[in-house]
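Here is a set of short exercises to work through with the structure in view. Try each task yourself before you read its solution.

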Amino acid sequence: MDPFQLLKSRLTGILDDLAEAGTLPQGLDYGRVNVEPPREAEHGDVATNAAMVLAKPAEMKPRDLAEAIAGKFTGFDDVTEAEVAGPGFINLRLAPAFWQARIGDILAAGTAYGDSQLGAGRKVNVEYVSANPTGPLHVGHGRGAVVGDALAALLAKVGFAVTREYYVNDAGAQVEALARSLHFRYWEALGLQVGEMPEDMYPGEYLIPVAEKLAEKDRSNWPATPEKKRVLGESFLLEQFREIAVDAMMEMIRDDLAALGIVFDRFSSERALVEAGGVDKVLADLEDRDLVYTGTLDPPKGKESDDWEPRPQLLFRASDFGDDVDRPLKKSDGSWTYFATDMAYHFDKHTRGYRDMIDVWGADHGGYVKRMHAAVKALTAGGGNLDVKLCQMVNLMDGGEPVKMSKRAGTFVTLREVIDEVGKDVVRFIMLTRKNDAGLDFDLKKVLEQSRDNPVFYVQYSHARCHSVLRHAAEMFPDEDFSPAALTGANLGLLADEAELDLIKSMAEWPRVVEGAAEAHEPHRIAYYLLDVSGLFHALWTKGTREDASLRFLNEQDLGLTRARLALVRGLALVIASGLEVMGVTPVEEMR
RNA sequence: GGCCCCGUAGCUCAGCUGGAUAGAGCAGCGGACUUCUAAUCCGCAGGUCGCAGGUUCGAAUCCUGCCGGGGUCACCA
């Protein structure tokens, strides 16, 4: 149970009573009323702005209304103080028992602590990565992958029916180039081709093993001479190689994602969508509503473009839906633009029942956001809800120095190489240590340091410390059961030290943090929360170790006290594990 | 030039959808190790929240205009 929700429902009850008694008018909107921890701990445990928000519609002075509400709050046994402060805040102090009871909630819920029904089972689609199947993932893709995946987990935790989806761009000119590249490598593998690879092909070495395998396995199936090639036809060949190449690239990408612990529910093929007539359907719909026309766009301003020429194109009236200009749907060769198929794709998602759609993109697609919003608005008649999360650049560093990356010089670092070097958990955690729209430095050395400076370590260490205590407890009291279920019976009233209560209060905020992060689509908040709660734990630890031995978690002479403290420690381990679960990071139980 | 993002302590960043006296870490200075792991902790110092207006009980947060940094700009995806 979220204690802040609990208090809010009490507050609502009080407000209803006041309305009943005629102090407040009937039917006030409580929408802006907050119940939250105050920023300043001195202001108490919980604060509400109710009086200030409702004063105006109630035609009362904020402080008068606050007094009336505060007076009602003192009627509850576990409210030790209800004080009016500042312009009309109501600050509550709650009895230790109120907080101690939260430990019981946590032990009962386990890592499901923080789960809620906020989403009420509504379907939401999270589309992320969606990298072109033309090569291995790079570090930037990794950020989108982690952010999307953690966001999906977060939404699932608060009760949404989440689908994790990858859009495979297997239809455009880039996969054609990939197909030609593979064909080149294939001939190379057969020893038929010499010379440099043409510039418009993908030079990466990752196609070589694919080609070699193909050459070995299907030597007879593919034309090994120019004559055969001519007989079969260029387009037939390209189609075969495209399919093989895309499959191979997607297998590689899936493998990289699996190394990050990411598994998608669905891969949607752009090509399949086009072949099924998805784009035609959308176009027909747009035509019916007079939302497309043939026109000529103005040249882009400010940027000199040598090859620009006026060209009549099929355009979508994006500017009717908030975009800056209308957007082309067809290329000059008559094929669909990426935008056209992407419109169809989002329409497809919507018709599959997703009212809420989230796209996680790289920052280089920032210029694309408005038109996609316009498209969704036009295609779903306002019924669809699109949120685009743009992930800014990841700057790969090595001991404070930027890692210079160049595809040509062969110093390009793939996501896979980074995962292999620092581990999946580190990659996932670090990718969530910034909000998505801020740049992120990823220092290969720093993320492996075992110091306060390294957030991954700091949080992992606090979890490991919890388990270290539990292990010692098992040695000290071999016959005792310290499982979560057994610890529910502990006398939690013994957890009375200020440092203990501070930690418990922070733990009690977890459900609120989860909901806030889920509503704002901001998974990074989880990482910051975990750092915060970990800090309180490390502080309590040291207090017991250095300042006041009576605060040690384990006391051989006092089993009752030890059980209470173990309930706290066990509860914290569960909260941290719950947070790391959302982030997709393994909680370690021992540091070496 | 248009659009999008960013601008908070010397550095790297939080700031809970508008709350009270703006918070952490690092770096600096001063402390705590016969330990439930000092791989940690405690204290001090550090600020015109880029600038100027506006909205209101109340602005780092919302709006407008500037300044600075980054990204992006038909026929790529």
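**Exercise 1. Which residues of helix 3 are buried, and on what side of the helix do they lie?**

Solution. The model is a predicted one, so keep that in mind throughout.

Step 1: Go through helix 3 and pick out the residues with under 20% relative accessible area. The buried ones are L65, A66, I69, A70 and F73.

Step 2: Look at their directions. These residues span an arc of only 135 degrees around the axis, so they sit on the same side of helix 3.

Step 3: Recall a rule about helices. An α-helix has 3.6 residues a turn, so residues three or four places apart point the same way.

Step 4: Find what this side packs against. The buried residues of helix 3 meet helix 1 (3-20), helix 2 (50-58), strand 3 (79-85) and strand 4 (89-94).

Step 5: Check the length. Helix 3 covers residues 62-73, twelve residues, and its first and last C-alpha are 16 Å apart, close to the 16 Å expected at 1.5 Å a residue.

**Exercise 2. In what order do the strands of the open four-stranded sheet stand, and which are the edge strands?**

Solution.

Step 1: Read the order across the sheet, which is 1-2-4-3, with antiparallel pairing.

Step 2: Go to the ends of that order. Strand 1 (35-36) and strand 3 are the edge strands, and each of them pairs on one side only.

Step 3: Look at one pair inside the sheet. Three bridges join strand 2 (residues 46-48) to strand 4 in the antiparallel sense. T48 has I90 in strand 4 as its bridge partner.

**Exercise 3. Which residues touch the most other members of the largest nonpolar core, and which helix gives the most to it?**

Solution.

Step 1: Start with the core, which has 152 residues; I69, F442 and M507 touch the most other members.

Step 2: Ask where its residues come from. Helix 21 (residues 559-583) gives the most to this core, namely 13 residues.

Step 3: Take F442 as an example. Apart from neighbours within four places in sequence, F442 has contacts that include V394, L396, M397, V422, I430 and V447.

Step 4: Look for another core. A second one, separate from the first, has 33 residues, among them V282, L291, F347 and A375.

Step 5: Turn to helix 18 (residues 498-508). Eight of its eleven residues are buried, and the helix is mostly covered. M507 is one of these buried residues, along with others including L501, L503 and I504. The buried residues of helix 18 pack against helix 1, helix 4 (96-109), helix 19 (510-520), helix 20 (524-547) and helix 21.

**Exercise 4. Why do strand 14 and strand 15 each have one side without a neighbour in the sheet?**

Solution.

Step 1: Write down the order of this open sheet of three strands, 14-13-15, and note that its pairing is mixed.

Step 2: Strand 14 (401-402) and strand 15 (440-443) are at the edges with a single partner strand each, so one side of each has no neighbour in the sheet.

Step 3: Zoom in on one pair. Strand 13 (residues 394-398) and strand 14 are antiparallel and share two bridges. Here M397 stands opposite P402.

Step 4: See what crosses the sheet. Helix 15 (residues 424-431) lies across strand 13 and strand 15, at about 155 degrees to strand 15.

**Exercise 5. Is strand 9 largely enclosed or largely open, and which strands pair with it?**

Solution.

Step 1: Count the buried residues. Strand 9 (residues 312-316) has four buried residues out of five, so the rest of the structure largely encloses it.

Step 2: Find one partner. Strand 8 (residues 292-296) runs antiparallel to strand 9, with five bridges between them. V292 stands opposite F316 in this pair.

Step 3: Find another partner. Strand 10 (residues 327-328) pairs with strand 9 over two bridges, in the antiparallel sense. R327 in strand 10 is the bridge partner of F316.

**Exercise 6. Is V274 buried, partly exposed or exposed?**

Solution.

Step 1: Locate V274 in helix 10 (residues 270-275).

Step 2: Compare its value with the cut-offs, under 20% for buried and over 50% for exposed. V274 has 26% relative accessibility, so it counts as partly exposed.

Step 3: List its contacts. Leaving out residues up to four places away in sequence, V274 touches V279, W336 and T341.

How values were computed:
Residues numbered from 1 in each chain as written. Chains lettered and ligands numbered in written order. Predicted model: local features only at pLDDT ≥ 70, side-chain atom pairs only at ≥ 80, totals over all residues. Heavy atoms only, no water. Expected span 1.5 Å × (residues − 1). Buried < 20%, exposed > 50% of the residue type's maximum accessible area, 1.4 Å probe, protein only. Arc of directions from axis to C-beta. Contact = heavy atoms within 4.5 Å. Core = buried A, V, L, I, M, F, W, Y, C linked by side-chain atoms within 4.5 Å. Pairing = 2+ DSSP bridges. Axes fitted to C-alpha atoms, helices over the stretch in contact; angles between N-to-C directions.
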